[in-house]
Amino acid sequence: MPRISFPVLVLLGLIAVTLPLSLLAGRVWIDPAHTPNAAVILADLRLPRSLLALVIGAGLGAAGAAMQGYLRNPLADPGLFGIAPMAALGAVASFWFGYAASAWLLPLFALVGAGMGMALLALIAGRTGGIALFTLAGLMIASLAGTLTSLAISMAPNAFAMSEIVTWLMGALTDRSWREVWIAAPLTIAGIGCLMLTGRGLDALTLGSAAARSLGVRDKVLQAWLITGVGLTVGSGVAVAGIVGFVGLIVPHLVRPFTDRRPSQLIVPSALAGALLVLVADCTVRILPLVTELRLGIALSLIGAPFFLWLLLRMRRGLA
Amino acid sequence: MMQLAARDITVEGRLNGVSATFQPGTITAICGPNGAGKSTLLSALANLAALDAGQVLLGDTALTAIAPQMRAQRIGFLPQDGQIAWDVAVRSLVALGRMPFRDEAPDKVARALAALDLTAFADRPVSTLSGGEKARALLARVLAGEPEWLLADEPLAALDIGHQLTLLRHLRAEAARGTGVVLVLHDLALAMNHADHVMVLGEGRLAASGAPAHALSEAIIAKVWGVSAKWIGEAGGRALIME
């Protein structure tokens with residue numbers, strides 16, 4: 001088990017400070033003593049939304065850390081490997097068939113999509129447990145799911161469904177309730193548990209695949225835990241919030257310098273930092289004085305894409 | 001201490017019915033031209049290659065019948081590529097060798113660091129090490145597990161002659177403690193001067209096996225490598241010159 005390290009303590013402290021503030025922040029700032037119906041707004045609207053931000057961010061952060069460790073590549077994003085696009089495709093299908101009107105069916109469809117993505121990945125890459133095959137299979141599944149999503153949009157039964165799909169794909173936590181928390185939280189916690197089990201194997205992979213196997217790591221078992229963990233965290237995140245990109249890519253980078261750089265030591269701090277990042281980002285989009293609320297997915301991409309470029313530039317300097 | 005033995009092992013396109021027995025407490029060099037199957041044989045000895053026929057025995061037990069974790073406790077494997085994906089501290093890198101035991105055993109990690117003169121580097125990130133220091137750190141990683149068998153694929157390839165001799169001295173010390181050391185070596189002079197036993201592979205078959213002077217005779221070099229060469233110098237300090 002990872003010990004409670006200094007970064008973990010700092011991040012827990014920051015979350016403990018940010019969470020209460022996030023409850024008060026919004027288009028309407030709440031003063032618990034004076035705002036009418038403050039208790040209802042806090043308990044039924046703001047608390048579930050903030051908790052959901054924490055849950056989704058934690059899942060994405062942990063999945064990103066594990067994925068980067070597994071692929072031994074700091075540019076890996078958990079969204080790239082088929083599971084998130086398959087979950088999105090599942091959700092899109094529910095809009096397409098008009099099932100999204102029922103609040104439970106949309107996340108259910110997305111979870112089924114994520115499950116199919118996991119199964120496909122496991123089926124194609126699981127036979128050998130090889131990393132190259134995993135990467136290629138993941139990219140192809142993602143590409144196929146993306147294409148089918150585009151197809152669904154272009155052939156949407158009516159303009160309303162099309163706009164619903166497009167808006168949903170952009171990822172947001174607007175108007176989420178306790179129901180979404182109950183769907184995402186248990187799955188994400190179970191997923192982070194699976195990812196923590198991969199820690200030892202990911203550390204061994206630092207030395208390459210052959211050395212890891214010589215140290216007793218069973219590559220098929222490791223891959224199965226990884227696919228399950230990423231599927232549960234990313235799949236449940238997409239199911240309740242749509243596509244929220246870049247968190248899984250950025251967060252492990254921000255956290256890594258504060259750890260001893262072993263992949264196993266990065267998973268829990270990345271989960272906490274991801275939770276904090278999505279919570280702060282969601283508060284920010286709520287506070288911004290725009291006519292309509294900026295979508296969380298777009299906001300994070302606006303931060304994430306330039307960050308990614310900066311990362312590439314820095315790596316290029318390192319390689320030159 | 002138990003023997004490690006390959007029995008008629010075949011890996012399609014790489015090895016063709018190779019049988020060889022390795023003795024603990026000695027340094028065995030596996031030599032041969034490119035593509036002769038040296039790395040495949042070494043991988044097979046650690047149960048890292050899928051065999052199409054035959055088996056590898058540790059004592060009387062087939063390697064495939066030993067659980068991966070138990071096998072990892074007994075056989076240490078140092079691959080050729082020397083990958084270190086993340087910029088971890090030298091001590092963390094070496095501690096990976098304790099993974100098969102599920103402990104961090106600071107005393108054994110410290111001993112492995114000291115054995116390879118790395119104590120002063122223990123807390124430095126691996127990116128700050130030179131090539132020779134990195135090779136020593138990777139070997140220390142294997143030694144931290146105190147394996148009965150130490151299999152290393154070209155451990156000397158990227159090193160200058162000074163570091164080659166340093167590493168060979170460490171490997172000799174390990175063999176003296178009873179460890180079976182098996183090295184894939186390209187440099188025939190290093191094999192001739194430092195190994196106790198040499199196995200020569202040619203086109204996936206065992207072409208010669210025995211004491212270095214016998215297995216690496218000029219006749220065998222001519223037959224397996226297709227090169228006319230001549231040994232000069234005294235035993236223990238021989239050099240190979242091309243004719």
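In which strand of chain B is B:V200 found? In this predicted model, B:V200 belongs to strand β9 of chain B, which spans residues 197–202. Its relative accessibility is 0%, and because burial requires a value under 20%, B:V200 counts as buried. Apart from neighbours within four places in sequence, B:V200 is in contact with B:C31, and also with a series of residues that includes B:R205, B:L206, B:A207, B:A208, B:A215 and B:L216. The contacts of B:V200 further comprise B:I220, B:V224 and B:W225. By contrast, B:T64, which lies 136 residues away along the chain, has its C-alpha atom 25 Å from that of B:V200.

Turning to chain A, the secondary structure consists of 13 helices and zero strands, so that the pattern read along the sequence is α-α-α-α-α-α-α-α-α-α-α-α-α. The radius of gyration of chain A is 19 Å, which agrees with the value near 20 Å that a compact globule of 320 residues would have. Along the principal axes, the C-alpha atoms of this chain fill a box of roughly 65 × 50 × 40 Å. Of the contacts in chain A with a separation of 6 or more, 78% join residues that are 24 or more positions apart.

Burial in chain A extends to 52% of its 320 residues, while the accessible surface comes to about 14,100 Å², with 74% of that area belonging to carbon and sulfur atoms. Helix α11 of chain A, covering residues 247–255, is mostly covered, given that eight of its nine residues are buried; among them are A:V247, A:L249, A:I250, A:P252 and A:H253. As for charge, chain A carries 20 positive and 11 negative side chains, and the centres of these two sets are 12 Å apart.

The largest nonpolar core contains 141 residues, of which A:Y70, A:F134, B:L93 and B:V198 touch the most other members. Helix α2 of chain A, residues 38–71, supplies the largest share of this core, namely 14 residues. When residues up to four places away in sequence are not counted, A:Y70 touches A:G129, A:G130, A:I131 and A:F134, together with A:L202, A:L205, A:L222, A:Q223 and A:L226. A second core, separate from the largest one, has 29 residues, including B:L15, B:V18, B:L58 and B:L63.

Definitions and conventions: Residues numbered from 1 in each chain as written. Chains lettered and ligands numbered in written order. Predicted model: local features only at pLDDT ≥ 70, side-chain atom pairs only at ≥ 80, totals over all residues. Heavy atoms only, no water. Core = buried A, V, L, I, M, F, W, Y, C linked by side-chain atoms within 4.5 Å. Buried < 20%, exposed > 50% of the residue type's maximum accessible area, 1.4 Å probe, protein only. Helix = DSSP H or I, 4+ residues; strand = E, 2+ residues; numbered from the N terminus. Contact = heavy atoms within 4.5 Å. Rg over C-alpha atoms; globule rule 2.2 N^0.38 Å. Areas by Shrake-Rupley, 256 points an atom, 1.4 Å probe, with all protein chains shown as cover. Lys, Arg positive; Asp, Glu negative; His and termini not counted. Charge placed at Lys NZ, Arg CZ, Asp CG, Glu CD.
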